[in-house]
Amino acid sequence: MDNEDPAATIDLARGGPDASWLDRLYATEKPEWMDRDDVPLRRRQQVMRGLDRLNTVTGTYRSYARWTLEHVQDNAAPRILELGAGHGALSARLLAAHPGAEVTVSDVNPDSVRSIRAGELGQHPRATVRLLDATAIDSPDYHYDVAVFTQSMHHLPPHMVAAVLREGTRVAKTLVIIDLWRSPVFYALAVPLAPMAVPLFGFPTLHDGLISLRKAYSTSALRTLAAECGAEVHLRTRFAPPVFMVVTATGEERS
Ligand SMILES: C[S@@+](CC[C@H](N)C(=O)[O-])C[C@H]1O[C@@H](n2cnc3c(N)ncnc32)[C@H](O)[C@@H]1O
């Protein structure tokens, strides 16, 4: 059968093609509660609320906004696309931080989109709320100055990450992906500390958070996926303490 998506058959260890046996043992494909339709909606919402609280109290949204806006510094009216926005908190910060930015707030989950539309972002004059799959974006080439996808990449299997790299760099001049840094050492430190964080962020968020760390992609996995995604994609990756990987991806001019 003909396969139109060049990335559809990619299979790769999240630690990359040269992942050690220890890394392969550490890796998991266990789904997070947030990704399971058989888990009650209430619990999935608890995961998102706890994550929102965690990002707020740790100043994470501020960092995400800075790492996004540094790519449009000299642009008085940048067009920004947030993919996998979840609750839309980052988009709200981007709009507040840049008085000329036009932000498209999107997610693949209809419940998220409905609730973002019903909130303040739904009324914001510079925001557009859309249902969008980050692996198949229905926008023209380079329609956006920057697209951003935070804490979502590890939810996707490798062939879908390749599709995000291809699509994100097609519709935006720069694609910024922010996710967890793959580090078994960090995980080993986080496990004994997690119970202390339960009263602050809730058990569901900590449960999913620990799984997330084991599903994070390594830089070598991302380089492999960029090379096999079916388009010319250039990547820069950097570690951002305490636990983030910031990926900046750009594509070749496409006609
Ligand atoms: C852990 S939440 C992250 C939410 C928010 N970006 C943040 O940093 O707090 C992951 C989000 O990715 C979204 N998502 C998963 N697969 C997606 C896809 N293919 N396209 C767009 N969004 C997706 C989910 O619906 C969910 O809202």
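Select Thr150 and the ligand: a polar side-chain atom of Thr150 lies 2.7 Å from an oxygen atom of the ligand. Such a pair is a polar contact, defined as N or O atoms within 3.5 Å; within protein, one must be able to donate a hydrogen and the other to accept it, and residues adjacent in sequence count only if both atoms are side-chain atoms. The protein covers 93% of the 600 Å² of accessible area that the ligand has on its own. Accessible areas come from the Shrake-Rupley method with a 1.4 Å probe, and for residues only the protein chains shown count as cover.

The model is predicted: local features need pLDDT of at least 70, side-chain atom pairs count only at pLDDT 80 or more, and totals for chains, interfaces and linings use all residues. Residues are numbered from 1 along each chain as its sequence is written, and side-chain values use heavy atoms, with hydrogens and water left out.

Next, add Asp107 and Asp133. An N or O atom in the side chain of Asp107 is 2.6 Å from an oxygen atom of the ligand. For Asp133, a side-chain N or O atom is 2.9 Å from a nitrogen atom of the ligand.

Now display the full shell of 20 residues around the ligand, in which Gly84, Asp107, Asp133, Ala134 and Thr150 come nearest. A residue is near a molecule if one of its heavy atoms lies within 4 Å of it. The shell divides into eight nonpolar, nine polar and three charged residues. In this division, Ala, Val, Leu, Ile, Met, Phe, Trp, Tyr, Cys and Pro count as nonpolar, Asp, Glu, Lys and Arg as charged, and the others, Gly among them, as polar. Helix H2 (residues 41–57) supplies the largest share, three residues. Helices (H or I, at least four residues) and strands (E, at least two) are DSSP runs, numbered from the N terminus.

Move from Thr150 to Gln151, in the loop between E4 and helix H6 (158–171). Its phi is near 50 degrees, a positive value in a residue other than glycine. Gln151 counts as buried because its relative accessible area is 15%; buried means under 20%, exposed over 50%, and partly exposed in between (1.4 Å probe, protein chains only). Tyr142 also has a positive phi, near 50 degrees, and sits in the loop between strand E3 (127–131) and strand E4 (144–150).

For the next backbone feature, select Pro241 and Pro242, which are joined by a cis peptide bond with omega near 5 degrees. Pro242 belongs to the loop between strand E6 (233–240) and strand E7 (244–251). Most residues other than glycine have a negative phi, and most peptide bonds are trans.

Turn to the largest nonpolar core, which has 34 residues; Leu94, Ile178 and Phe244 have the most contacts inside it. A nonpolar core is a set of buried Ala, Val, Leu, Ile, Met, Phe, Trp, Tyr and Cys residues joined through side-chain atoms within 4.5 Å. Helix H3 (residues 60–69) gives the most to this core, with five residues. A second, separate core of 32 residues includes Ile137, Tyr144, Val164 and Tyr217.

Finally, compare two loop residues. Ser183, between strand E5 (172–180) and helix H7 (184–201), counts as buried because its relative accessibility is 16%. The Ser183 side chain reaches the backbone nitrogen of Phe186 at 3.0 Å. Asp37, in the loop between helix H1 (21–26) and H2, counts as exposed because its relative accessibility is 71%.
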